[in-house]
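Welcome! Please take a moment to look at the sequence and the 3D structure shown here, and then let us walk through them together.

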Amino acid sequence: MPALSMFFGIIVRMQSEKGGRHNKAHVHALYGDYEVVAGIDGEILEGNLPNKQMKLLLAWMAIHEDELQANWELLRNGDGYFKIEPLR
């Protein structure tokens, strides 16, 4: 699962999961022992992160929503992916 971005200890990954559990575009975010699966629209599909990291992730996702959608399409079509700027 490719890592799209890393910031403040959060690793954001994406895979398209054709026929998988989640039929909507989403990311997997890891922070220490925590993991969350969040739709690109910000809906939490499963898991959790500590509150501060969840707010950072959701803010980053809102800023980069178009890039996340473009990556979802690329991965779904087997065309690779591109990195997305981290929060600074």
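This report goes through the sheet, its hairpins, the two helices and a few single residues.

## The sheet

Keep in mind as you read that this is a predicted model. A good place to start is the open sheet, whose 5 strands run in the order E1-E2-E3-E4-E5 with antiparallel pairing. Strands E1 and E5 (44-48) sit at the edges with a single partner strand each, so one side of each has no neighbour in the sheet. From one strand to the next, the twist averages 15°.

Now look at how the strands are joined. E2 and E3 are paired in the antiparallel sense over 3 bridges, and here Ile11 has Leu30 in E3 as its bridge partner. Strand E3 (residues 26-31) pairs with strand E4 (residues 34-39) over 6 bridges, again in the antiparallel sense. You can find Val27 facing its bridge partner in E4, Ala38. Between E4 and E5, the antiparallel pairing has 4 bridges, and Val37 has Glu46 in E5 as its bridge partner.

## Turns and positive phi angles

Two hairpins are worth finding on your screen. E3 and E4 form a hairpin with 2 residues between them, and Gly32 in this turn has a positive phi of about 60°. The hairpin of E4 and E5 has 4 residues between the strands, and there Gly42 takes a positive phi near 95°.

Glycine turns up again just after helix H2, where Gly78 has a positive phi of about 75°. Which residue other than glycine has a positive phi, near 50°? That residue is Phe8, in the loop between E1 and E2. With a relative accessible area of 49%, Phe8 is partly exposed; the cut-off for exposed is over 50%.

## Helix H1 on the sheet

Helix H1 packs on the sheet, touching E1, strand E2 (10-13), E3, E4 and E5, and its direction makes about 45° with that of E2. The helix has 13 residues and reaches 19 Å from its first C-alpha to its last, close to the 18 Å expected at 1.5 Å a residue.

Which residues of H1 are buried? They are Gln53, Met54, Leu57, Trp60 and Met61. These residues cover an arc of only 130° around the axis, which puts them on the same side of H1. A general rule helps here: an α-helix has 3.6 residues a turn, so residues three or four places apart point the same way. On the other side of H1, Asn51, Lys52, Lys55, Ala62 and Ile63 are exposed. The cover over the buried residues of H1 includes E1, E2, E3, E4, E5 and H2.

## A closer look at Gln53

Gln53 belongs to helix H1 (residues 51-63). Is Gln53 buried or exposed? Its relative accessibility is 10%, and because buried means under 20%, Gln53 counts as buried. If you set aside its neighbours within four places in sequence, Gln53 is in contact with Ile10 and Tyr31.

## Helix H2

The other helix to visit is H2 (residues 65-76), which has 12 residues. From its first C-alpha to its last, H2 reaches 16 Å, close to the 16 Å expected at 1.5 Å a residue.

The buried residues of H2 are Leu68, Asn71, Trp72 and Leu75. They cover an arc of only 105° around the axis, so they lie on the same side of H2. Among the parts that cover these buried residues of H2 are E1, E3 and H1.

## The aromatic pair

How many aromatic pairs does a search of the whole structure find? The search finds 1. The pair is made by Phe7 and Trp60, whose ring centres are 5.3 Å apart and whose planes are at 35°, so the pair is tilted. Phe7 lies in strand E1 (residues 3-7) and Trp60 in helix H1, so the pair ties together parts that are 53 residues apart in sequence.

Both partners can be checked for burial too. Phe7 counts as buried at 4% relative accessibility, and Trp60 is buried with a relative accessible area of 0%.

Definitions and conventions
Residues are numbered from 1 along each chain as its sequence is written. This is a predicted model: local features need pLDDT of at least 70, side-chain atom pairs count only at pLDDT 80 or more; totals for chains, interfaces and linings use all residues. Side-chain values use heavy atoms; hydrogens and water are left out. Buried means under 20% relative accessible area, exposed over 50%, partly exposed in between (1.4 Å probe, protein chains only). Contact means heavy atoms within 4.5 Å. Rings of Phe, Tyr and Trp (its six-membered ring) pair if their centres lie within 6.5 Å; planes under 30 degrees apart count as stacked, over 60 as edge-to-face and the rest as tilted. Two strands pair if DSSP finds at least two bridges between them. Axes are lines fitted to C-alpha atoms, for helices over the stretch in contact, and angles run from 0 to 180 degrees between N-to-C directions. The expected span of a helix is 1.5 Å times one less than its number of residues. The arc is that of the directions from the helix axis to the C-beta atoms.
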